[in-house]
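Subject: Structure handover

Hi,

Here is the model I promised to pass on to you. My notes on what turned up follow right below it.

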Amino acid sequence: MGFIRDFLLPREVDFERAMLDQASVARAMVELLFRLCDEEDRGVLAAIDEQAGEAHRLKDRNMKELLDVFITPYDKESIYRMITQLDWISLSVRHFRLEVEYYQAPPLAGHEAIVSLLREMARSLEDGLERLGKAPLAALGKEIDRIRQLYDEVVTHCARAASQLDPKVGCKQLLHQRDLLFQLKEVAKRIHVAANTLEDMAIKVM
């Protein structure tokens, strides 16, 4: 039987675990983002870079596995979308980290409410992927609806924060602050899009 399994049967890959690995790294990067904004801990910049490297490694591994196997628990297009969208979450956090460094951004206090929502979104996405294929669609649907609600709250907070920026800081600083808010919104958008793919995958295996 071992010979048949190893040499004759098509190889199978645990893509649920593979995608969850990516989601866990993306969530960890959002946690670091929270520390950066809530605690003004710029020591996490290097930690974000380290996690970004791991996210890239996992994305490459998962993409290679997807190209090499015939049997997948979900259609390949859905898995491809999830792999790339989870990678986009990690990339968006890294892009925020780069803007903080190169803009020599002023204290980031005031963004705590936004990054707290992002952290909740990332945790919900990770939990949803962990329950994919195990929990009923109705239960997953509640998690996904929660992510959508949180995304709406992030957009609202970012719009409010942008409207309250002080023009006295100067045009250049004002643009930098708006860019940072836009990038936080981009992180939320990528989590939201990944949640939509999670729902699509759950529906297809009903």
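Let me begin with the end of the chain: helix 6 and helix 7 are roughly antiparallel to each other, a label used for angles over 145 degrees, while angles under 35 degrees count as roughly parallel, 65 to 115 as roughly perpendicular and the rest as oblique. Helix 6 covers residues 137–163 and helix 7 residues 171–204, and they pack at about 165° with axes 9 Å apart. Here axes are lines fitted to C-alpha atoms, for helices over the stretch in contact, and angles run from 0 to 180 degrees between N-to-C directions. Their crossing is left-handed (the near helix is turned anticlockwise from the far one by less than a right angle; clockwise would be right-handed). The contact of helix 6 with helix 7 has 17 nonpolar, 2 polar and 5 charged residues, where Ala, Val, Leu, Ile, Met, Phe, Trp, Tyr, Cys and Pro count as nonpolar, Asp, Glu, Lys and Arg as charged, and the others, Gly among them, as polar.

Before going on, a word on the basis. This is a predicted model, in which local features need pLDDT of at least 70 and side-chain atom pairs count only at pLDDT 80 or more, while totals for chains, interfaces and linings use all residues. Residues are numbered from 1 along each chain as its sequence is written, and side-chain values use heavy atoms, with hydrogens and water left out.

Overall, the protein has 7 helices and 0 strands (DSSP runs numbered from the N terminus: H or I of at least four residues for helices, E of at least two for strands). The C-alpha atoms fill a box of roughly 75 × 35 × 25 Å along the principal axes.

Helix 7 also packs against helix 5 (residues 112–131), at about 20° with axes 10 Å apart, so helix 5 and helix 7 are roughly parallel. Among the residues making this contact (heavy atoms within 4.5 Å) are Leu118 and Leu125 of helix 5 and Leu184 and Ile191 of helix 7. By class, the contact of helix 5 with helix 7 has 15 nonpolar, 2 polar and no charged residues.

Helix 2 (residues 15–38) and helix 4 (residues 76–102) pack at about 20° too, with axes 10 Å apart, and cross in a left-handed way.

Finally, arginine 119 lies over the face of phenylalanine 34, 3.8 Å from the ring centre (CZ of Arg or NZ of Lys within 6 Å of the ring centre and within 35 degrees of the ring normal). Arginine 190 lies over the face of tryptophan 88, at 4.1 Å from the ring centre.

Best wishes
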